Amino acid sequence: MKNLKLNAWRYFSLLLALAVTVGFSSCDDDDDDDMMPDPDDIVDVLEDDPSFTTLSAAIEVAGLEGALSGTGPFTVFAPNDDAFGDFLSDNGLSADDILGNASLADILSYHVAAGSVMAADVSAGPVTSLTEDPFYVSIDPNNGVWINGNTQVIATDKMASNGVIHTLDYVITAPTQSIAEIAVASTQASTPEFTQLVAALTRAGLVDAVSGGFEDNLTVFAPTDAAFEALYDALGVDGVDDIDLDLLTDVLTYHVVPARAFSQDLRDGASLPTLLEGENLSVDLPGLMINDSNLVPSMLNIHATNGVIHVIDQVIIPE
């Protein structure tokens, strides 16, 4: 937020004008109070802003006007029209598709939290939405505020009579699959990935450990198939079944941090404790590396019910 600087003369003039105004109008204070209009509620504020036409239309179609005009207070993280445009384009959808979505009310309610939280009071961590599913706030090293790792807050503190509105540059959606389910689904994609990771997790009996819900908080640094193939070559084995089971288990648990850490939560030089007792991972943000492995920029912040996946290009071996 930008600070406005007034020079001394302008500041003095402003104070003088204010004093004169107060002096002439003090006797009419009661009348002025009676004539002051009530501040607009959240629905009215959004409708009056031309950058929220899609959101306003969606609120009306979803039948949420009454709820968002209520006493509240509410904090609304509001995607603007550009945000909806990007979301629809990325997902091959039209505006009619999202307005006709049977889950539209839940999609919109996921952007709303109870209470009025100003930008200065926003902190990193989970926030319970009106759907009762949490979304996750991250604050990056430059103090930018992000939600679920892929959506940034680009404007803040738009006030309404029943709450406050913060503007988003994308539409947020609640994850519906666990880390394990995402990995398995990826093995069946047109361009398969994580086939070796899933095979390794299965052999080590760790699939259930990465299959939880919102109550779990994990970060998995997930090696690509190419990374596993390079490991097999280095170990002189044909595949995951030829690796000693204890070693395989140690390697896999070394890739899991018991916290939900989006890329914006990472700090350069940080040491991240892992599920392998006594072993930590190191973060190199300028190099975009975890230990000696590169993070894949296009495959960060894959959000799951039980945590987040960051893809890496090398299997990390604990010392």
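**Aromatic pairs and helix packing**

At 5% relative accessibility, Tyr136 counts as buried, because the cut-off for a buried residue is under 20% relative accessible area. The model in which this residue is seen is a predicted one. By the same reasoning Phe262 counts as buried, since its relative accessibility is 1%.

These residues lead to the aromatic pairs, of which the structure holds five. One of them joins Phe77 and Phe135 in an edge-to-face arrangement, with 5.4 Å from centre to centre and 75° between the planes. The planes are over 60 degrees apart, so the pair counts as edge-to-face. Phe77 belongs to strand 1 (residues 74–79) and Phe135 to strand 4 (residues 134–139), so that the pair links distant parts of the chain, 58 residues apart. Both Phe77 and Phe135 are buried. Another aromatic pair is formed by Tyr136 and Phe262; it is tilted, with 6.3 Å centre to centre and 45° between the planes. Because Tyr136 lies in strand 4 and Phe262 in the loop between strand 9 (256–257) and strand 10 (271–273), this pair ties together parts that are 126 residues apart in sequence. In addition, Phe77, Tyr110 and Phe135 form one aromatic cluster.

The next topic is the packing of helices. Two packed helices are described by the angle between their axes and the distance between the axes. Helix 10 (residues 195–203) packs against helix 11 (residues 225–235) at an angle of about 65°, and their axes are 7 Å apart. On the side of helix 10, Thr195, Gln196, Leu197 and Ala200 make the contact, while helix 11 contributes Asp225, Phe228, Glu229 and Tyr232. Sorted by class, the contact of helix 10 with helix 11 has four nonpolar, two polar and two charged residues.

Helix 10 also meets helix 12 (residues 245–253): their axes come within 10 Å and cross at roughly 120°. Angles of 65 to 115 degrees count as roughly perpendicular and those over 145 as roughly antiparallel; helix 10 and helix 12 are therefore oblique to each other. Their crossing is left-handed. Leu197, Ala200, Leu201 and Arg203 of helix 10 make this contact with Leu245, Leu248 and Leu252 of helix 12. The residues of the contact of helix 10 with helix 12 divide into six nonpolar, no polar and one charged. Leu197 and Ala200 of helix 10 take part in the contact with helix 11 and also in the contact with helix 12.

Notes. Residues numbered from 1 in each chain as written. Predicted model: local features only at pLDDT ≥ 70, side-chain atom pairs only at ≥ 80, totals over all residues. Heavy atoms only, no water. Axes fitted to C-alpha atoms, helices over the stretch in contact; angles between N-to-C directions. Helix = DSSP H or I, 4+ residues; strand = E, 2+ residues; numbered from the N terminus. Contact = heavy atoms within 4.5 Å. Nonpolar A, V, L, I, M, F, W, Y, C, P; charged D, E, K, R; others polar. Phe/Tyr/Trp six-rings, centres within 6.5 Å; stacked < 30°, edge-to-face > 60°. Buried < 20%, exposed > 50% of the residue type's maximum accessible area, 1.4 Å probe, protein only. Parallel < 35°, antiparallel > 145°, perpendicular 65-115°, else oblique. Left-handed = near helix turned anticlockwise from the far one by under 90°.
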